Amino acid sequence: MSKCFQFIQTLRARLVLTLFVSFSLVAIFTSLLIMRASAAHQQEVTQRMNMALAEHVVKEYLLFENGRANLDAAKQTFHELMILGPNFEFYVLDTGGHVLAYSTPPEKIKRKRVDTRKFENIIQAGLPNRPVYGDDPRSETGEKVFSVAPIYTGGDLSGYLYVILGSEIYDDITSMVGGSGIVQSALWALLIGLTFSLLATLWLTGLITRPLGKLAAQVHALQSEGFSSEGIKNEEAMNALAQWNPESENEIHLLGNSFKSLLEKLDEQYKNVITVDQLRKELLSHISHDLRTPLASLLGYLETWEINHNKVSAQEGAHYIETAKLSAQKISKLVEQLFELAYLDSGNVQVNFEQFSIAELVQDTLQKFALIAGEKHLTLAVEPKDSSIHVVGDIEKLERVLSNLIDNAIRHSREGGSIVVRLAKNTRSVAVEVSDNGIGIPLEDLPHVFDPHFKAGNSVRGNTAHGGLGLAITKKLLDLHQTQIEVKSRETEGTSFEFCLPTANV
């Protein structure tokens, strides 16, 4: 019972039931319509064939004499006519439609008056393009097709001969025929047709829903196993989805292909979530490591000053405070970089593109580092100093890129070295290169220099404010400009970073 109920709940069962009920209703309605149309057609044919019957009887037989109905003659006439044609019933009516004489047994008469309003139209205009029904004296409400003719005596209308075309005998015979083998054969044919329709519907719906069932099985197989850190577990079911043709007009193929695309996107997003979670854990590890040293230094000098501020000189106390302040600044810078990197990873960064002179931006950025570079006797330069070179980009973010690269170059340059920002323009873009002649980067470390918190093996030590985030931030800022940054370096010879920006049409 439960399996039957489950089958009824399926799309195929509901589709079969819907189609079968629809076909059955259409078949029954069509049969009834054909039967009614056939009966109406038969009655119209009968009426048209016998419309002149009443007029013929009036001409051949004397029904009225001296303006009064000759009832004896009428009954004798009706008796003779009924023997020849049992399909008809004859009634003599006066001008008001009252029944004066009839061929039907008296006990069968239910109505003593017939409505004569339809007579005039038929007598004058003839039959319309449909059967016309008149009152049946054998029924209080029934109607039947008829033939009618006026009866005149001395030029005056004396009454009507009213002939019902389809007597009670005819109705009885029709009822008997309705239960005959022909009708039963027709009913059996209808039943067989409905059965065939049901079987055909089962086959067709099975043919239509089979791909949908296959798709449902594939989806269920994928659902049961889900995702793993490596991706979708059930590769066999995933490969089975490849059978759905994306170029097909079949909706099930389109659904299968869309589901496959959705799974691939979900798989990619799931892997990204796993990656982000791993990065989050690494970030927490790096944060704790990078902040530990400056935070310990800050707390140590503050505690030392708190304990000894009454015993040490003002100069030594100021040294403690200055050192603690530097540690706090280093912590602030590290936290700022961490927030900046998290903001860039959020995917909600707005980029405001505009046209500007790249040489002027480079010159302004170099000017900010002039004091720090002077302490190491470094030379800062931009080549060429051509303010006509314009690019398209976000000034604020590109200034941050240049600051990170120049700061990185200063930290890794020797005393008396030089840092040069070179600009090379072509028809479509401007190449920006920041190079130094410092300590360089080991070859094995070059693929990782843009990873967050990465520090090369020969990186400058002691500057705890540098948490290995500057180049990672630089790369993400340039990714927003849809451009790549490349690095070239040799140990002891120097390093250069290069990226391109689109040329402005000025």
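Author: A residue counts as exposed when its relative accessible area is over 50%, and as buried when it is under 20%. The model discussed here is predicted.

Reader: Which residues of H11 are exposed on the face turned away from its buried side?

Author: That face carries Asp-364 and Gln-367. The buried residues of H11 are Ile-358, Ala-359, Leu-361, Val-362, Thr-365 and Leu-366.

Reader: What puts the buried residues on the same side of H11?

Author: The arc they cover around the axis is only 160°, so they lie on the same side of H11.

Reader: Why is H11 called oblique to H13?

Author: The axes of H11 (residues 358-368) and H13 (residues 395-411) cross at roughly 50° and come within 10 Å. Angles under 35 degrees count as roughly parallel, and 65 to 115 as roughly perpendicular. The angle fits neither class, nor the one over 145, and therefore H11 is oblique to H13. The crossing is right-handed.

Reader: Which residues make this contact?

Author: H11 contributes Leu-361, Val-362, Thr-365, Leu-366 and Lys-368, and H13 contributes Ile-395, Leu-398, Glu-399, Leu-402, Ser-403 and Ile-406. By class, the residues of the contact of H11 with H13 are 7 nonpolar, 2 polar and 2 charged.

Reader: How do H13 and H14 run relative to each other, parallel or antiparallel, and how do you know?

Author: The axes of H13 and H14 (residues 470-480) cross at roughly 150° and come within 9 Å. The cut-off for roughly antiparallel is over 145 degrees, so H13 and H14 are roughly antiparallel to each other. Their crossing is left-handed. In the contact, Lys-397, Leu-398, Arg-400, Val-401, Asn-404, Leu-405 and Asn-408 of H13 meet Gly-470, Leu-471, Ile-473, Thr-474, Leu-477, Leu-478 and Leu-480 of H14. These residues divide into 8 nonpolar, 4 polar and 2 charged.

Reader: What makes His-377 count as exposed or buried?

Author: Its relative accessibility is 56%. The cut-off for exposed is over 50%, so His-377 counts as exposed. His-377 sits in the loop between H12 (370-375) and E11. Its phi is positive, about 55°, although His-377 is not a glycine. Most residues other than glycine have a negative phi.

Reader: What is the relative accessibility of Gln-482, and how does it count?

Author: At 76%, Gln-482 counts as exposed. Gln-482 is in the loop between H14 and E15 (485-490), and its phi is near 55°, a positive value in a residue other than glycine.

Reader: What is the peptide bond from Glu-383 to Pro-384, cis or trans?

Author: That bond is cis, with omega near -10°. Most peptide bonds are trans. Pro-384 is placed in the loop between E11 (379-383) and E12 (390-393).

Note on methods: Residues are numbered from 1 along each chain as its sequence is written. This is a predicted model: local features need pLDDT of at least 70, side-chain atom pairs count only at pLDDT 80 or more; totals for chains, interfaces and linings use all residues. Side-chain values use heavy atoms; hydrogens and water are left out. Axes are lines fitted to C-alpha atoms, for helices over the stretch in contact, and angles run from 0 to 180 degrees between N-to-C directions. Helices (H or I, at least four residues) and strands (E, at least two) are DSSP runs, numbered from the N terminus. A crossing is left-handed if the near helix is turned anticlockwise from the far one by less than a right angle, and right-handed if clockwise. Contact means heavy atoms within 4.5 Å. Ala, Val, Leu, Ile, Met, Phe, Trp, Tyr, Cys and Pro count as nonpolar, Asp, Glu, Lys and Arg as charged, and the others, Gly among them, as polar. Buried means under 20% relative accessible area, exposed over 50%, partly exposed in between (1.4 Å probe, protein chains only). The arc is that of the directions from the helix axis to the C-beta atoms.
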